[in-house]
Amino acid sequence: MDIRSLTIGQIREGLSAKKFSAVELASEALRFAEAENPKTNALLRLAPERALAAAERVDQQVAAGDPLGPLAGVPVAVKDVIVTKSLTTTCGSRMLERYVPPYDATAVERLERAGAVIIGKANCDEFAMGSSNENSAFGPVRNPHAPDRVPGGSSGGSAASVAQGTSVVALGSDTGGSVRQPASFCGVVGVTPTYGRVSRYGLVAFASSLDHIGTFGRTVKDAATLLKSIAGRDPADSTSAAAPVPDYPALLSGDIKGIRIGLPKEYFKDAVSETADLITKGVKVLERLGAEVKEVSLPTTEYAIACYYIICTAEASANLARYDGVRYTVRSAHSETLSDMYRNTRGEGFGAECKRRIMLGTYVLSAGYYDAYYLKAQKVRTLIAQDFAHAFQEVDAIVTPVSPFPAFKLGEKLDDPMQMYLSDIYTITCDLAGIPGMSVPCGRTAAGLPVGMQILTRHFDEAGMFRIADAFEKAGGVG
């Protein structure tokens, strides 16, 4: 078996026909990951005991003739900001390098209930703060297509794992584009569902009103199948929605005739890059498939970067206050007083980007600045959501680039945080509005670097989003 190209459907067929067992598949996946992972550093740790135990349960179901779950035997990587019982969860930070959670995230529970085999934990930017996966305390992740380039962030390890073949599908998290941007850079499918579609219980908080758990796959159908398996209301998360979860894979008809697609003029203004050319070609493919394309406007877009980085840093400063050396974190050994212990623990435990965002967030929430910054940003967020609501009265979906550029070189933007933040310019509006979005592969640059096309739809209309992406994929994309 070629673990690098298997899909969920092929695994299911192989298990049902007894071409291989789940244990054989898991063993091969673990062997391949151990051999190949050093090239990318996509996985921080493997979970052989957990993986083989899950695979044995699937083989027992096959032997007994019991119905198999939708993810039966499928090797999955889980981003290291999603807690896993008895399996170290570091969030890419020295602060939690020895933290072993006593419980599973709801998404992880649902994965294993569906038959998934968790291969290991995926590397990520520290506490999901970053756009390049260079902020991990355990080393950067390299792009499988170009090892001198970044895989995107913060879910770069998850995207790289699927692209490299060390997992078939993966879970990531998205706060401002951290699923879609690495999916674009690594040439895989990445899905950010509607806020509330997937429970955040067990997702270590960065910015609570923006955080989503999302999915990665090699195909649209695989990403859709994974999302269906983890979505739905969860009593443990009051922000999870009770909206019914459609059977996404069953709705992939390949037919998009008559679907209205909007191109926001603010996103395509002055777009003359190789990336923009590929997206334009992708839109022409959708037109050939019968979609109706028209220009729309999202006028508040120009304020999105400032709005996002005020809100996310404010929430980060509050969420990260709990990491102080008192409870479950690493504690500095170089302290004589309590205040020294707090100061030294946070100084030694957090990396530069975390410190930067904590300081920014504390500033915008401080007395005298709350109304000027945080409150104003929340008002702008409402305007951004209204922009999308108005646009979706005219169209069924919106298509944009995922990033202004393909994967950049390691170290290229580390010394310029503003340029790094601008790489999220096309993705953050989706998170601010809480709508679903995804990246689907849309060709490669002349240098062979993947480019993704972003598809956005109304709240809880993931089915429509998948339908468009699937038709585009079946048509061969832009080649």
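**Exercise 1. Charges and overall form**

How far apart are the mean positions of the positive and negative charges of the protein? Once this is settled, describe the overall dimensions of the chain.

*Solution.* The structure is a predicted model, and the values that follow are computed from it. Begin with the charges: the protein carries 50 positive and 53 negative charges, and their mean positions lie 1 Å apart. Turn next to the dimensions, where the C-alpha atoms fill a box of roughly 65 × 55 × 45 Å along the principal axes. For 479 residues a compact globule would have a radius of gyration near 23 Å, and the 21 Å of the protein therefore agrees with that form. Finally, consider the surface, which comes to about 18,000 Å² of accessible area, with 52% of it belonging to carbon and sulfur atoms.

**Exercise 2. Elements and burial**

State how many helices and strands the protein has, and find what share of its residues is buried.

*Solution.* The secondary structure consists of 16 helices and 11 strands. Of the 479 residues, 59% are buried, where buried means under 20% relative accessible area. As for how the chain meets itself, take the contacts between residues at least 6 apart in sequence: 75% of these join residues at least 24 apart.

**Exercise 3. Helix H7**

Explain why helix H7 (residues 220-230) can be described as largely enclosed by the rest of the structure.

*Solution.* Count the buried residues first: 9 of the 11 residues of H7 fall in this class, so the helix is largely enclosed by the rest of the structure. The buried residues include Val-220, Asp-222, Leu-226, Leu-227 and Ile-230. Then follow the chain beyond the helix, where, just after H7, Gly-232 takes a positive phi of about 120°.

**Exercise 4. Salt bridges, distant and local**

Compare the places in the chain of three salt-bridge pairs, namely Glu-462 with Arg-197, Arg-343 with Asp-340, and Arg-357 with Glu-353.

*Solution.* The count of salt bridges in the model comes to 19. In the pair of Glu-462 and Arg-197, the closest N and O atoms are 3.1 Å apart. This pair links distant parts of the chain, since Glu-462 belongs to helix H16 (residues 462-474) while Arg-197 lies in the loop between strands E5 (189-192) and E6 (212-217), 265 residues apart. Both Glu-462 and Arg-197 are buried.

The salt bridge of Arg-343 and Asp-340 brings N and O atoms to 3.0 Å, and because these two residues are 3 apart in helix H11 (residues 338-349), about one helical turn separates them. Arg-343 is exposed at 53% relative accessible area, whereas Asp-340, at 26%, counts as partly exposed.

Arg-357 and Glu-353 meet with an N to O distance of 2.7 Å; being 4 residues apart in helix H12 (residues 352-364), they too are separated by about one helical turn. Here Arg-357 is buried at 2% relative accessibility, and Glu-353 is buried at 10%. Elsewhere, salt bridges that share partners join Arg-45, Asp-80 and Lys-121 into one network.

**Exercise 5. The surroundings of Gln-164**

Is Gln-164 buried or exposed, and which residues is Gln-164 in contact with, leaving aside its neighbours within four places in sequence?

*Solution.* Locate the residue first: Gln-164 is in helix H5 (residues 156-164). Its relative accessible area is 10%, which means that Gln-164 counts as buried. Its contacts, with those sequence neighbours set aside, are Arg-4, Phe-32, Glu-36, Asn-37, Lys-39, Thr-40, Ala-42 and Pro-144.

Conventions. Residues numbered from 1 in each chain as written. Predicted model: local features only at pLDDT ≥ 70, side-chain atom pairs only at ≥ 80, totals over all residues. Heavy atoms only, no water. Rg over C-alpha atoms; globule rule 2.2 N^0.38 Å. Buried < 20%, exposed > 50% of the residue type's maximum accessible area, 1.4 Å probe, protein only. Contact = heavy atoms within 4.5 Å. Areas by Shrake-Rupley, 256 points an atom, 1.4 Å probe, with all protein chains shown as cover. Lys, Arg positive; Asp, Glu negative; His and termini not counted. Charge placed at Lys NZ, Arg CZ, Asp CG, Glu CD. Salt bridge = Lys/Arg side-chain N within 4 Å of Asp/Glu carboxyl O.
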